[in-house]
Amino acid sequence: MKIINTESGKPYQLNPGTELSIERTNPFFNDYGEQTLPVSLPDSDYNRTLLGNPGMTQRKDKVKMVDASIQDGNFYSVCRQAILSVTQGESIETSFYMNEGSFYSRLEDVYITDVFGDETVPGVTTVDQAIEWMRQLYLSGGDERFACFPVSAQEDDHKFILNLWDTRSDNFYFASDRDRIPAYKDRLAGKKMAVSKGFYLTPFLKANYVLERMFSYLGYTLQPNFFTETEQFRNMVFLNNIADAIVLGTIKLSQLIPKVTCKSILDLFRKKFCCEYVIDEYAKTASIVLMNDIIDSVKGIDLSPYLVGNIKLSYPDSYQQIILRASGSVDSDNESSLDSLPLIKSQFPTAQFSKEYGCFYRSGYNYVPSTRYRYSVKEIVADSSQAYYEGGILPTLQIDVPECIPSSFMDAPIYIGNVQYLNSSLKLFSSDGSESVDATDIDKSSDDSMYLMLAFVYRINSTTGGTVTNYGADENTFQRIGDYALIYNGDDGIFERFYRKYDTLLRNSLHDVEAKLNLPMSLVRDISAVDKINIDGVDFLINSMKFSVGSKSNLSEANLLTMNLYEPVDRAKILDEIIPPLVSTGYKWEIKSSYQDISEEDYNNSIYKDAEMPAIFPPQPTSEYVGKQNFVRKLAEQYNNLSGKTAWRITTFWLEVVAV
């Protein structure tokens, strides 16, 4: 066996009989990659020189990991070498990290913002150029690297829209200097202040572009994969909340993504989409593998001829079910996430799921006494960030996804939370140009959080928008844009599309199996930890494999996991079984009201004086409610009658059931 220092091209001196004990782990089930147990090298002058004299107490520099390779017959592996300790004159304790182990060892303290450095958007040096560049992104629906679309945001208690598009000018609202920030519901009711053109505009980075740049920065080529080959995911972006991204004329890419480690980006994809990265350290390539692909793959690699002795099968104390939950939230007024889906049904019996908005809502009725306006309302009871959890007594495996899911509004773009300013100190002014009494300086070092948030961009007719579902809208007319949603629930949500098959295994299988295999080194070299294998006609997943290099024995120890679904098979319910769609009962609710004039004294003494009249959210209409005043609301109020005189009355508002 040879262990070669890559920088010098020279082999280390080894102790006689040196063996490397290597553990290859499946990243779906383990938090560490392929690596060796610690091994001792002689602390010789020769080895010390190759390693930069790691045992010198006078050294000024930190000891760093070095590149190496291991050769033994048909086995060859490129790796990274870590120095663990040095006993002067005796030994150098070291470990080697291969493939995924090598890759993850490079990620320590590497931030995604380092990948982009001071890079800016090419060809954009003025605010006007930046606005026109973003305008073309909007009109085209984006390119391979960037997209932009309106999102709801907030500053203090003021909600408004970033990237607000003005259909009259066929440009962004803030492509010109303005004297107010339009509110997200009533644009004329927005805050009055002088705003220079270019504020409240920001582009979004495509997620595939970020991954490609990150792997390239780390020295790897990302291979074509599910996300690059699926149209919807080619249009997936990282959202940001920068309110002054283009005001300096240049657009820094590092400001368009949260300052998180590269590992956080990888973990977002791993945990959200139940996928892993398979690294070829020799070819310097990275592949993305979905758990679904492994489960659905054809019969595994047949290792039956290499089995030594009998396998050992262990049964679990209990099976498990999956909980999917976002680790962060955008703190919207709408936000709500109940512990489980059955709890939504229990607390809100008429709740329904909106596949277009990705939220759970209930329908009700409201009445405005002053205008006698009657209308139906929809209240969101759990928004698009609602966790997936079927509930019940089965123990759980909780997957905390390091992300925030933008919140749903039924009358505005997806909501991303508070904005932040990185390039300016914005001074608020009143509409006449004088300094406002509530003027506020916003420091460049604003540290409002930017979360990892994903969304799809779509282009429907003349509208470019963003969504966390697989539906886009043009003038409130919805259109399906693909087969995948970024929310956890629903027929096209993350659980159904990426986790159901794994959840079924957790509920019915994944028993531990121990097997000893006499594998030739060529096969040991080629088997991936994410390969499905087959022994005596039965498929297994690999949990881990232990083998030795430099040994006279080819014996490997394999820890495997069963894939057979054991009877009785338990499967997660679909959403419609937990929260069934409402069906017609043959009846419907109608809003009724009446008025009774009263004296001023009766008004002042009434228990209904200036009472609130909240919306009514009734159960399903049935025959038992027919001929009755149901859910009665009363209000004693003062008003001006038709003669313009002050008068008093009691308004009564209720619901009645009638046949359809």
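**Cysteines, aromatic rings and loops**

Reader: Which residue holds the cysteine sulfur closest to that of Cys 275?

Author: A disulfide is a pair of cysteine sulfur atoms within 2.5 Å. The sulfur of Cys 275 has its closest cysteine sulfur 7.8 Å away, too far for a bond, so no disulfide joins it to that neighbour, Cys 274.

Reader: What kind of model is this?

Author: Residues are numbered from 1 along each chain as its sequence is written. Side-chain values use heavy atoms, without hydrogens and water, local features need pLDDT of at least 70 and side-chain atom pairs 80 or more, while totals for chains, interfaces and linings use all residues, since this is a predicted model.

Reader: How many disulfides does the rule give?

Author: Cys 275 fails the rule, because the closest cysteine sulfur, in Cys 274, is 7.8 Å from its own. The search by this rule ends with a count of zero.

Reader: Is Cys 275 buried or exposed?

Author: Buried means under 20% relative accessible area, exposed over 50% and partly exposed in between (1.4 Å probe, protein chains only). Cys 79 has a relative accessible area of 0% and is therefore buried. Cys 275 has a relative accessibility of 1%, so this residue also counts as buried.

Reader: What share of the residues of the protein counts as buried?

Author: The protein has 660 residues. Its C-alpha trace spans about 110 × 65 × 45 Å along the principal axes. The share of residues that count as buried is 52%.

Reader: How many helices and how many strands make up the secondary structure?

Author: Helices (H or I, at least four residues) and strands (E, at least two) are DSSP runs, numbered from the N terminus. For this protein the secondary structure comes to 14 helices and 39 strands.

Reader: How many of the residues of helix α5 are buried?

Author: Helix α5 covers residues 207–217 and is mostly covered. Its buried residues include Asn 208 and Arg 213 as well as Val 210, Leu 211 and Phe 215. Of the eleven residues in α5, the number buried is eight.

Reader: Which residue just after α5 takes a positive phi?

Author: Helix α5 consists of residues 207–217. Just after α5 a phi of about 95 degrees is found, at Gly 219.

Reader: How many aromatic pairs does the search of the whole structure find?

Author: Rings of Phe, Tyr and Trp (its six-membered ring) pair if their centres lie within 6.5 Å. The search of the whole structure gives a count of aromatic pairs of 41.

Reader: Why is the pair of Phe 226 and Phe 227 described as it is?

Author: Planes under 30 degrees apart count as stacked, over 60 as edge-to-face and the rest as tilted. The ring centres of Phe 226 and Phe 227 are 5.2 Å apart and their planes stand at 80 degrees, so the pair is edge-to-face.

Reader: Which residue forms an edge-to-face pair with Phe 227 at 5.4 Å centre to centre?

Author: Phe 226 and Phe 227 are both buried. Phe 227 also has a buried partner in Phe 233. The planes of this second pair are 80 degrees apart, and the ring facing Phe 227 at 5.4 Å belongs to Phe 233.

Reader: Which Tyr belongs to the aromatic cluster of Phe 226?

Author: Phe 226, Phe 227 and Phe 233 are members of one aromatic cluster. That cluster also takes in Phe 269, Phe 273, Phe 456 and Phe 498, and its Tyr is Tyr 484.

Reader: Over which ring does the charged end of Arg 649 sit?

Author: A charge sits over a ring if NZ of Lys or CZ of Arg is within 6 Å of the ring centre and within 35 degrees of the ring normal. Arg 362 has its charged end over Phe 617, 4.1 Å from the ring centre. For Arg 649 the distance to the ring centre is 4.0 Å, and the ring is that of Tyr 639.

Reader: How far apart in space are Ser 176 and Asp 109?

Author: Ser 176 lies in the loop between β13 (171–172) and β14 (178–181). This serine has a relative accessibility of 37% and so counts as partly exposed. In sequence Ser 176 and Asp 109 are 67 residues apart, and in space their C-alpha atoms are apart by 41 Å.

Reader: What distance separates the C-alpha atoms of Gly 644 and Val 110?

Author: Gly 644 sits in the loop between β38 (630–640) and β39 (646–659). With a relative accessible area of 52%, Gly 644 is exposed. Gly 644 and Val 110 are 534 residues apart along the chain, and their C-alpha atoms are separated by 72 Å.
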